[in-house]
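Let us walk through this structure step by step. Start with one term, then move from the fold to the interface and on to the charged pairs.

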Amino acid sequence: MDPFSSPAPSNGSSGPSTEALMDQVKAQLAQAYAEEFLETVRSKCFSKCITKPGTGLSGSESSCISRCVERYIEATRIIGQALFNSPRKSSSRLHVTLGFDERLLLGLTDCSGCPLPTAIASR
Amino acid sequence: MENSAELQRFLEEEKQKAMVSEMVGKITNVCWDKCITGTPGSKFSSSESTCLTNCAQRYMDMSILIMKRFQSMQ
């Protein structure tokens, strides 16, 4: 099914069920996030690790790239913690900047709902 | 009709989550460049991880300062 077609209605109503729509939105957001994240990692690691492109990837280039991917995922985690898990001072800065509902902010602290690199790293 | 309210709430929440993810992504992008100057190792040095933490928090401080300055100009 392409991303823009609707699933068949399951209960005789005239449109897709709300839940199916919500699932579709979540899946598309997760995919868009993953693609953007991967593009960023490609860009960073190419500039760090491939200084003089040769006729193939050398062993050191390959291991540099592996380490780079791990480090970038770790950096994302560190930034997330710096903004959400550190002392109240930082969280309240965030609250002021984004006008967040505090409950939503707290719900995001463990990021169970958001498509963070933990999902990517576990593939 | 309650579908519509539920959908509204859901979309608003997803929008917030997406904004947060985008912000974390943007800050990680910028702070990686500032803090990870050499070739990536098998773990971060403590100065690298401290730099990342500081960088994220200073970026937020700056963001607030900019908003305040901007608002005071209206």
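A residue counts as buried when its relative accessible area is under 20%, as exposed when that area is over 50%, and as partly exposed in between. Keep in mind that this is a predicted model.

That cut-off already sorts a pair in chain A. Arg71(A) and Glu74(A) are both buried. For Arg71(A) the value is 6%, which is under 20%, so the residue is buried. The two residues sit in helix 2 of chain A, three residues apart, or about one turn of the helix. Their side chains form a salt bridge, with the closest N and O atoms 2.8 Å apart. We return to this pair below.

Now the fold of chain A. Chain A has five helices and zero strands. Read from the N terminus, the order is α-α-α-α-α. Chain A has 123 residues, and 35% of them count as buried. Take the contacts in chain A between residues at least 6 apart in sequence: 43% of these join residues at least 24 apart.

One stretch carries an annotation. An unreviewed UniProt entry lists residues 24–83 of chain A as "domain: Tim10-like". What is the helix content over residues 24–83 of chain A? The chain is 85% helix there and 0% strand. The end C-alpha atoms of this stretch are 29 Å apart.

Next, the interface. The size of an interface is often given as the accessible area lost when the parts come together. Between chain A and chain B the buried area is about 3,600 Å². Carbon and sulfur atoms give 73% of that area. In residues, 37 of chain A are in contact with 41 of chain B.

How many residue pairs are in polar contact between chain A and chain B, counting pairs with both at pLDDT 80 or more? The count is ten. Which elements of chain A give two or more residues to the side that touches chain B? They are helix 1 (18–49), helix 2 (59–84), helix 3 (88–98) and helix 4 (102–108) of chain A. Helix 2 of chain A gives the largest share, with 14 residues. By type, the side of chain A that touches chain B divides into 22 nonpolar, eight polar and seven charged residues.

Two residues of helix 1 of chain A show the interface in detail. Met22(A) lies in helix 1 of chain A. Met22(A) touches Glu6(B), Leu7(B) and Phe10(B), not counting residues up to four places away in sequence. Is Met22(A) buried or exposed? Its relative accessibility is 14%, so Met22(A) counts as buried.

Lys26(A) is also placed in helix 1 of chain A. With the same kind of sequence neighbours left out, Lys26(A) touches Phe10(B) and Glu14(B). Phe10(B) thus appears in the contacts of Met22(A) and in those of Lys26(A). Lys26(A) is partly exposed, because its relative accessible area is 41%. From Lys26(A) to Ile73(A) is 47 residues in sequence and 21 Å in space, C-alpha to C-alpha.

Now the charges. Side chains of opposite charge can pair when their charged atoms come close. Over all chains, the whole structure holds eight salt bridges. How many salt bridges link chain A and chain B? The count is one. In it, Lys44(A) meets Asp33(B), at 3.0 Å from N to O.

Glu14(B), a contact of Lys26(A), has a salt bridge within chain B. The side chains of Glu14(B) and Lys17(B) meet at 3.4 Å, N to O. The pair lies in helix 1 (residues 2–35) of chain B, and because the two are three residues apart, about one helical turn separates them. Both Glu14(B) and Lys17(B) are buried.

In chain A, salt bridges that share partners join Glu70(A), Arg71(A), Glu74(A) and Arg77(A) into one network. Arg71(A) forms a salt bridge with Glu70(A), where the closest N and O atoms are 3.8 Å apart. Arg71(A) also bridges to Glu74(A), at 2.8 Å. Why does Glu70(A) count as partly exposed? Its relative accessibility is 46%, which lies between the two cut-offs. Arg71(A) and Glu74(A), by contrast, are both buried.

Definitions and conventions:
Residues are numbered from 1 along each chain as its sequence is written. Chains are lettered from A and ligands numbered from 1 in the order in which they are written. This is a predicted model: local features need pLDDT of at least 70, side-chain atom pairs count only at pLDDT 80 or more; totals for chains, interfaces and linings use all residues. Side-chain values use heavy atoms; hydrogens and water are left out. Contact means heavy atoms within 4.5 Å. Buried area is the accessible area (1.4 Å probe) that two parts lose on being put together, summed over both. A salt bridge is a side-chain nitrogen of Lys or Arg within 4 Å of a carboxyl oxygen of Asp or Glu. A polar contact is a pair of N or O atoms within 3.5 Å; within protein, one must be able to donate a hydrogen and the other to accept it, and residues adjacent in sequence count only if both atoms are side-chain atoms. Helices (H or I, at least four residues) and strands (E, at least two) are DSSP runs, numbered from the N terminus. Ala, Val, Leu, Ile, Met, Phe, Trp, Tyr, Cys and Pro count as nonpolar, Asp, Glu, Lys and Arg as charged, and the others, Gly among them, as polar. UniProt positions are given in the numbering used here, feature names are shortened, and annotations may be inferred rather than shown by experiment. Buried means under 20% relative accessible area, exposed over 50%, partly exposed in between (1.4 Å probe, protein chains only).
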